[in-house]
Amino acid sequence: MNETLAKWITESKRIVFFGGAGVSTESGIPDFRSVDGLYNQQYQYPPETILSHTFFMRRPEEFFRFYRNKMLFPNAEPNAAHVKLAQWEKEGRLTGVVTQNIDGLHQKAGSKKVFELHGSVLRNHCMRCGKFYDMEYVMNSTGVPRCDCGGTVKPDVVLYEEPLDDAVVADACTAIEQADMLIIGGTSLSVYPAAGLIDLYRGHRLVLVNKSATPRDSRADLIVRDPIGQAFSELP
Ligand code: NAD
């Protein structure tokens with residue numbers, strides 16, 4: 001167990017966690033940039049091209065083929081990192097989880113204050129009439145999922161080229177500004193504008209829990225290189 005991290009956690013009252021795809025790799029969901037991540041698998045187009053607004057509008061069949069295969073993990077369960085964060089919130093030590101993930105695993109673990117910067121695969125809406133559809137509907141449909149009204153059902157996932165939701169960003173900013181400890185975990189910190197939000201933290205307990213180096217390592221007060229689920233399972 002990392003003693004400094006354990007001590008800071010017991011002393012803090014407004015911890016904010018900022019995370020990414022690496023938080024869910026121990027739940028069996030591949031990230032984008034690890035060696036076995038999606039960017040190192042061969043597709044006709046790179047993932048950021050397929051997951052862009054332009055591609056979605058121009059080639060929706062191909063978008064949904066990739067999306068169903070690579071972005072939906074209906075059987076994934078929260079790992080020790082998700083569970084520990086939910087525990088800290090319940091204990092009144094953590095004020096929010098700001099996540100770039102779209103898998104809903106923080107909520108499945110019991111977290112309530114989750115700011116989903118990039119949306120969620122669990123929510124889908126008709127682009128024409130706004131009707132809601134769940135993940136199963138999209139998963140079990142073929143080709144382009146259609147609404148009763150004939151419109152296209154679009155996942156509530158922020159695609160490349162699309163703006164983040166203003167209200168979600170505002171809540172995430174407030175939480176980070178008011179944090180007495182910021183733990184950043186499982187993210188390459190390379191997707192903007194999301195990664196820029198960590199600059200709002202002004203304190204001296206900035207912890208980075210990431211297997212590989214990130215562009216912000218020099219700003220961290222403490223760096224942990226262990227897998228995040230394993231590291232968190234040992235913490236109070
Ligand atoms: P990324 O793939 O760019 O980086 C993941 C980082 O996590 C890497 O630096 C890797 O070394 C580290 N990592 C992997 N497993 C780890 C572990 N067990 N413990 C500690 N560190 C670990 O991910 P990103 O920065 O989140 O950016 C990718 C984008 O892709 C995000 O916008 C996100 O929305 C999306 N995405 C989401 C999911 C998901 O919802 N689970 C999965 C893939 C991609």
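Buried here means under 20% relative accessible area, and that cut-off is handy for reading this predicted model. Take strand β7: Met181, Ile183 and Gly185 point one way from it, Leu182 and Ile184 point the other way, and all are buried. Below is a quick tour of the overall build, then β7 and its partners, then a three-strand sheet with Asn124 in it, and last a pocket.

**Overall build**

- The protein has nine helices and nine strands.
- Its C-alpha atoms fill a box of roughly 55 × 35 × 30 Å along the principal axes.
- The radius of gyration is 18 Å, and a compact globule of 236 residues would come out near 18 Å, so the two agree.
- Buried residues account for 51% of the 236 residues.
- If you look at contacts with a separation of 6 or more, 64% of them come from residues 24 or more positions apart.

**Strand β7 and its partners**

- β7 covers residues 181-185, and five of its five residues are buried, so the strand is largely enclosed by the rest of the structure.
- In a regular strand, side chains alternate between the two faces of the sheet. In β7, that puts Leu182 and Ile184 on one side and Met181, Ile183 and Gly185 on the other.
- Strand β1 (residues 15-19) pairs with β7 in the parallel sense, over five bridges.
- Strand β8 (residues 206-209) also runs parallel to β7, and four bridges join them.
- Ile183 is a good residue to click on: Phe17 stands opposite Ile183 on one pairing, and Val207 in β8 stands opposite Ile183 on another.

**The β5-β4-β6 sheet**

- Strands of a sheet pair through backbone hydrogen bonds, either parallel or antiparallel.
- Here three strands make an open sheet in the order β5-β4-β6, with antiparallel pairing. The edge strands are β5 (132-133) and β6, each of which pairs on one side only.
- β4 and β5 are joined in the antiparallel sense by two bridges.

**Asn124, a residue of β4**

- Asn124 sits in strand β4, and its bridge partner in β5 is Tyr133.
- Why does Asn124 count as buried? Its relative accessibility is 0%, and the cut-off for buried is under 20%.
- Setting aside neighbours within four places in sequence, Asn124 touches a fair list of residues, including Tyr67, Lys131, Phe132, Tyr133, Asp134, Met135 and Val138. Val153, Lys154, Pro155 and Asp156 are also among its contacts.
- For a sense of scale, Asn124 and Thr187 are 63 residues apart in sequence, and their C-alpha atoms are 25 Å apart in space.

**The second largest pocket**

- This pocket has a volume of about 210 Å³. The elements that give two or more residues to its lining are β4 (119-126) and β6 (153-157).
- How many residues line the second largest pocket, and which lie nearest its centre? There are 14 in the lining, with Gly119, Asp156, Val158, Pro163 and Asp165 nearest the centre.
- β6 gives the most to the lining, with three residues.
- Sorted by class, the lining has six nonpolar, two polar and six charged residues.
- Asp156 turns up twice in this tour: Asp156 is one of the residues nearest the pocket centre, and Asp156 is also in contact with Asn124.

Definitions and conventions:
Residues are numbered from 1 along each chain as its sequence is written. This is a predicted model: local features need pLDDT of at least 70, side-chain atom pairs count only at pLDDT 80 or more; totals for chains, interfaces and linings use all residues. Side-chain values use heavy atoms; hydrogens and water are left out. Buried means under 20% relative accessible area, exposed over 50%, partly exposed in between (1.4 Å probe, protein chains only). Two strands pair if DSSP finds at least two bridges between them. On a 1 Å grid over the protein atoms alone, a cavity is a set of points where a 1.4 Å probe fits but cannot get out, and a pocket is an open set with protein on both sides within 12 Å along at least five of seven lines; lining residues have an atom within 4 Å of a point. Grid points are joined across faces, edges and corners, and a volume is the space filled by probe spheres set on the points. Ala, Val, Leu, Ile, Met, Phe, Trp, Tyr, Cys and Pro count as nonpolar, Asp, Glu, Lys and Arg as charged, and the others, Gly among them, as polar. The radius of gyration is taken over C-alpha atoms; the globule rule is 2.2 Å times the number of residues to the power 0.38. Contact means heavy atoms within 4.5 Å.
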